[in-house]
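Biologist: Please take a close look at one part of this structure, the charged side chains, and then work outwards from there. Plain prose will do.

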Amino acid sequence: MFNVYYGILFALVNFILFLTCYRVFGKQGLYVWVGAATILANIQVVKTIEMLGLVMTLGNTMYSTIYLSTDLLNEKYGQKEAKKAVWFGFFTLIMTTIIMQMALFFEPAQSDIAQTPMETLFGLMPRLAAASLAAYLISQFIDVRLYSMLKAAFPGYGQLWIRNNGSTLLSQLIDSLVFCTIAFAGVYEWNVWFEIFITTYLLKFIVSAASTPVIYIARSFKFKTEKSEA
């Protein structure tokens, strides 16, 4: 049960750091968070853990905070700012992939101790890299669009939870479907593929649902230098 309890602590730390980043740096801090989260989530995904009898990858908690960031941007500053954050995260992911793939081609010195660990973390197969990029771009733009639609249908101040969870429910389903299909279809038997897909989606959505109080707290932050554009 250690991983379960530690996972809860891990999620709380992620949420606290997210709120701190926004409180200290304002709207720009959300862009910074999206950029950092796309990199960290794709590094963490290399590590697998066992939780409640299921083997899963890390990265889902950090990845879910990207949806939290774009939903908050959409809520307070409008759809245009949310889309800008999506493109920023996409560029960050491509930039990291290209630069680190090139870095791996340098011939290491005999005394080097970093090449093998770096190959493990960043030496992703093109199929996995393509899966990550495609899933991110498709699901994030769907999330932004759905949030805007739900914002129009449920505009109430207290209906934020509907907008946040409603958009995430479908967009993360699509994210998991796109990623698992591109990355694992044909690699595993379909029953194994389905288990990976279901556990990946459920964990992401549970984390996103747990972050609902966080977006309420973040929405209450006021900044003298900022003006809502929603």
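**Buried charges and their surroundings**

Modeller: Arginine 219 is buried, because its relative accessible area is 6%, under the 20% cut-off for that class. The model is a predicted one. The salt-bridge partner of arginine 219 is glutamate 75, and their closest N and O atoms are 3.4 Å apart. This pair links distant parts of the chain, since glutamate 75 sits in helix α3 and arginine 219 in helix α9, 144 residues apart. Glutamate 75 also counts as buried, because its relative accessibility is 11%.

Glutamate 75 has another salt bridge, to the side chain of arginine 163, with an N to O distance of 2.9 Å. Here too distant parts of the chain are linked: arginine 163 belongs to helix α7 (residues 160-184) and glutamate 75 to helix α3, 88 residues apart. Both arginine 163 and glutamate 75 are buried. Glutamate 75 therefore pairs with a buried arginine 219 as well as with arginine 163.

Across the whole structure, a search finds five salt bridges. One of them joins glutamate 81 to lysine 27, with the closest N and O atoms 3.9 Å apart. Because glutamate 81 lies in helix α4 and lysine 27 in helix α2, this pair ties together parts that are 54 residues apart in sequence. Glutamate 81 and lysine 27 are both buried. Together with Lys84, they make up a network of salt bridges.

Helices α2, α3, α4 and α9, met above, are also among those that each supply at least two residues to a nonpolar core, so it helps to describe that core next. In soluble globular proteins, nonpolar side chains tend to be buried together. The largest nonpolar core has 36 residues, and the members that touch the most others are Phe18, Tyr22, Leu30, Leu72, Leu73 and Tyr136. Its contributors of at least two residues each are α1 (2-25), α2 (27-44), α3 (60-77), α4 (79-103), α6 (126-153) and α9 (212-219). Helix α3 gives the most, with eight residues.

Tyrosine 136 shows how such a core residue is surrounded. Leaving aside neighbours within four places in sequence, tyrosine 136 is in contact with Val34, Thr38, Tyr63, Ile66, Ala85, Val86, Gly89, Phe90 and Asp175. A second core, separate from the largest one, has six residues, including Ala131, Cys180, Phe184 and Trp193.

A polar residue is found in helix α2 as well: asparagine 42. Asparagine 42 counts as buried because its relative accessibility is 17%. Its side chain makes a polar contact of 2.7 Å with the side chain of serine 132. Beyond neighbours within four places in sequence, asparagine 42 is in contact with Leu93 and Ser132.

The surface gives a contrast. A nonpolar patch there is formed by Met1, Tyr5, Ile8, Leu12, Ile16 and Leu52, which together have about 710 Å² of accessible area. Leucine 52 lies in the loop between β1 (48-51) and β2 (54-57). Leucine 52 is classed as exposed because its relative accessible area is 68%, over the 50% cut-off. Although leucine 52 is not a glycine, its phi is positive, at about 55°.

Terms used: Residues numbered from 1 in each chain as written. Predicted model: local features only at pLDDT ≥ 70, side-chain atom pairs only at ≥ 80, totals over all residues. Heavy atoms only, no water. Core = buried A, V, L, I, M, F, W, Y, C linked by side-chain atoms within 4.5 Å. Buried < 20%, exposed > 50% of the residue type's maximum accessible area, 1.4 Å probe, protein only. Helix = DSSP H or I, 4+ residues; strand = E, 2+ residues; numbered from the N terminus. Contact = heavy atoms within 4.5 Å. Polar contact = N/O pair within 3.5 Å; in protein donor to acceptor, adjacent residues only side chain to side chain. Patch = residues over 30% accessible without salt bridge, like charges linked within 9 Å, V, L, I, M, F, W, Y side chains within 5 Å. Areas by Shrake-Rupley, 256 points an atom, 1.4 Å probe, with all protein chains shown as cover. Salt bridge = Lys/Arg side-chain N within 4 Å of Asp/Glu carboxyl O.
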